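Visitor: I am new to this structure. Please take me on a close look at its nonpolar core, and set the scene around it.

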Amino acid sequence: MSHPSLLTAVHDVLVHSTLPTQATEFAHPLSTEYTTVTAQLDAVINTTHRLSHALNQLNDLPLGENATKFVALMKEHTTLTSSIYQSAAASASLSSLLQGDKRAIYPDTSPPHPAKIAEWGRNLGMEAFVDGSTTVLAGKVLVLDIDINDHVAVKTSFANNTSSNGNSSAAPELDAFLAWEVTRWINAARRAAGIDTAVGHSREDPAIEAARRSRAIQEHLRYLMMLDGLAASENEKGLRWFMEPTVVSDHMRKQVASPQMQTLDKFLTQHALPLPFLVIPSLSFIVWFSPRVYLQLLRSCSPSKQPLTWNIDIPLAHLKTSMLDTLEDVTIATLRLVPCAEAKYKINPSDVPGDHALLTAPSQMWVLDFTAKLPQNGVVMCQNRMRIIQGIVESRPIDLISMGSMSSIGSMSNLGNMNNMNFGEFGVASSQTTGSGGTGRSWVDLLLNKNLSAEYYTATYKSPNDIHPPLHLRLLAPLEPGFLLQRIPVRTVKQISRVLEVVKEQCWLNESLSILQWSPETQVLQSPQRPSNAEQDAASTSLLTSVLAGTVAPQSIPVNVYLPSNALSALSQPVDPFTSQHSRLGMGPPASAGSSSGASLFGPGDLEMEMEMDIPGLSMSMGGGVDMDLGMDLSTPADPMQQPHGPETCPAPMIVLTSPRHVSRNGLFEIRVTLGGHGSVVGEHGIWVEASPGVETGYMSDVVRRGGVWSLPGRVWNKG
């Protein structure tokens, strides 16, 4: 048997490293492509050792008079081998487009037929029988009867279930899920074939939609066949693999269900909602959605006469059908089994009293997958919360050593072994330098500006009813790296609940920021356009009257936005612009470079640009001619990554808004909005709002619940 040459070893590495992949940008242990990236790195390291050893042997080889001939033969061999591997690399690149979840989707205009379902089953190793409009697919344990005549009907049965009734379904929720998936494929296929253009509606090309939905059904069948193999090895006891989603859902419902009726949006501020068979034939969790999605659900649902499994205001049947078509503003986590080289963990039931340990198999592990419904293919997370998740899945103190050297990832062959995972400065590359010497983009950069990083972001909020001038918001990007969370290995229901609790907090921040269109400050800080002399003369009379009456309204109101990474002290003192100290303020943005006054709240000339007023004598509002030293220490805050962190502690997510008061009053006011509550006190609707003395907050929690968090400074300004 011939051994591979040096050039063969090099080309083997190059072929795999040139395959299209996005994994290198988010290579961390909780990303889907982590094993691919580490395997490529291991191949490079191993090949380097082999090259070094082989070159040392060649260097010691006595060539003598045959050196010239030997070198000529090696050159000829190199040329032939290079051409062969160039063709192999091109073929591998093309074949990769037909493999995996990102493979190309080709239009399918063929009409729906039971034979196609039978063909899908045979390709996955199932026995298939077609009788008219009915298709029977059978594995070793699982049997599916699919009837597509008029209305799609699916019946699930199990070959080793001796206690079942032949007339009833063994898994009615699975039946309903598969029937709905097949119905959507049939409707798309009929439109694509031109049979019935009135069936259903979609903005997508019917031929592409039909191909996409047929692929989804095949993926569902593939997952069920994986469970079928696990069930076959356990005889009658193996049915538990198909029932595990329902068992976990019932266990969580008994723990968190409230005896009183709750609105769904308030429920999600406290717990994730488990829904079996929502996205795949397993258990999914609705972690968070936007106020707009909740309003659409509330308006589109009708009162249900069926008994409520959960005491929430949206019926589960309506919620499931609506979530399947809602791709935006919804965060869904899916509990699923994935193959792994070896299970690295064992659960002792006595160690988790009152908990439910997930089923285990030698070559499978359970993961929470966040890539099912989100367009960005994951959830943007800050470093602190990634560390909390690390502590949950590892069940040990968190290692805060930096991953900059990448010394700890070599031993992680799969996600089942989380022992060496850490989230130091190893993240997405960026030009922004952290205080610990590493580089990493802020999680706000990853969320709002994927290509570049910025120190500040700005956005404009306009009142729909014009009750206040437009708000010009200025956000300081936290000095905290960001990661894209995609997949988390879990072992118990308790772990699932704790992980989803952390993800929910981040989702609330992400959704709040996504309400507005934020832009890096460098792109919008331009010289304001001054009005012409004629426009100034025309407005002078009305402007002077407003100034004398004290009712002058600025063209925009500056608002400072701060997202603290650490817990803040209580806000109990009034904020006076001339006497307040930074220790009582939740904000802390440093002064902009080049500022004539280090304590300027909005940087050099920002007040002049934000207020857009040119009134002689109003230097305080203009920021011109008067030193705007507010007596506050606005130096750059300490790097939050250098602060001590507990192994499983993280402050509740908070948004801090600071803005000047109405013209008739002096000073600044501050509003702090926190998800969940303050200490042991849970806020109304799951939101806690705290403000400077003299600011009414009774109505604010409901405003935030409906997505109006950015309107709060304008409402306070309007009340005077």
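**The core and its surroundings**

Guide: Of the 720 residues of the protein, 47% count as buried, meaning under 20% relative accessible area with a 1.4 Å probe and protein chains only; over 50% is exposed, and partly exposed lies in between. This is a predicted model, where local features need pLDDT of at least 70, side-chain atom pairs count only at pLDDT 80 or more, and totals for chains, interfaces and linings use all residues. Residues are numbered from 1 along each chain as its sequence is written, and side-chain values use heavy atoms, with hydrogens and water left out.

The protein has 19 helices and 18 strands. These are DSSP runs, numbered from the N terminus: helices are H or I with at least four residues, strands are E with at least two.

Now the core. A nonpolar core is a set of buried Ala, Val, Leu, Ile, Met, Phe, Trp, Tyr and Cys residues joined through side-chain atoms within 4.5 Å. The largest one has 140 residues. Leu-368 and Trp-710 have the most contacts inside it. A second, separate core has five residues, including Tyr-456, Leu-476, Met-654 and Val-656. In soluble globular proteins, nonpolar side chains tend to be buried together.

Look closely at Leu-368. Contact means heavy atoms within 4.5 Å. Setting aside residues up to four places away in sequence, Leu-368 touches Phe-285, Ala-333, Thr-334 and Leu-335, among others. Its partners also include Gln-486, Arg-487, Ile-488 and Val-490. Ile-496, Val-499 and Leu-500 are on the list too.

Next, helix α13, residues 493-514. Of its 22 residues, 17 are buried, so α13 is largely enclosed by the rest of the structure. The expected span is 1.5 Å times one less than the number of residues. For α13 that gives 32 Å, and the end C-alpha atoms are 31 Å apart, which agrees.

Contacts across the chain matter to this picture too. Among contacts between residues at least 6 apart in sequence, 69% join residues at least 24 apart. Take Met-243, in helix α7 (residues 240-256). The C-alpha atoms of Met-243 and Ala-171 are separated by 7.9 Å, though the two are 72 residues apart along the chain. Leaving aside neighbours within four places in sequence, Met-243 is in contact with Phe-158 and Ala-170. Met-243 counts as partly exposed, because its relative accessibility is 25%.

Finally, Leu-58. This residue is in helix α2 (residues 34-60). At 33% relative accessibility, Leu-58 counts as partly exposed.
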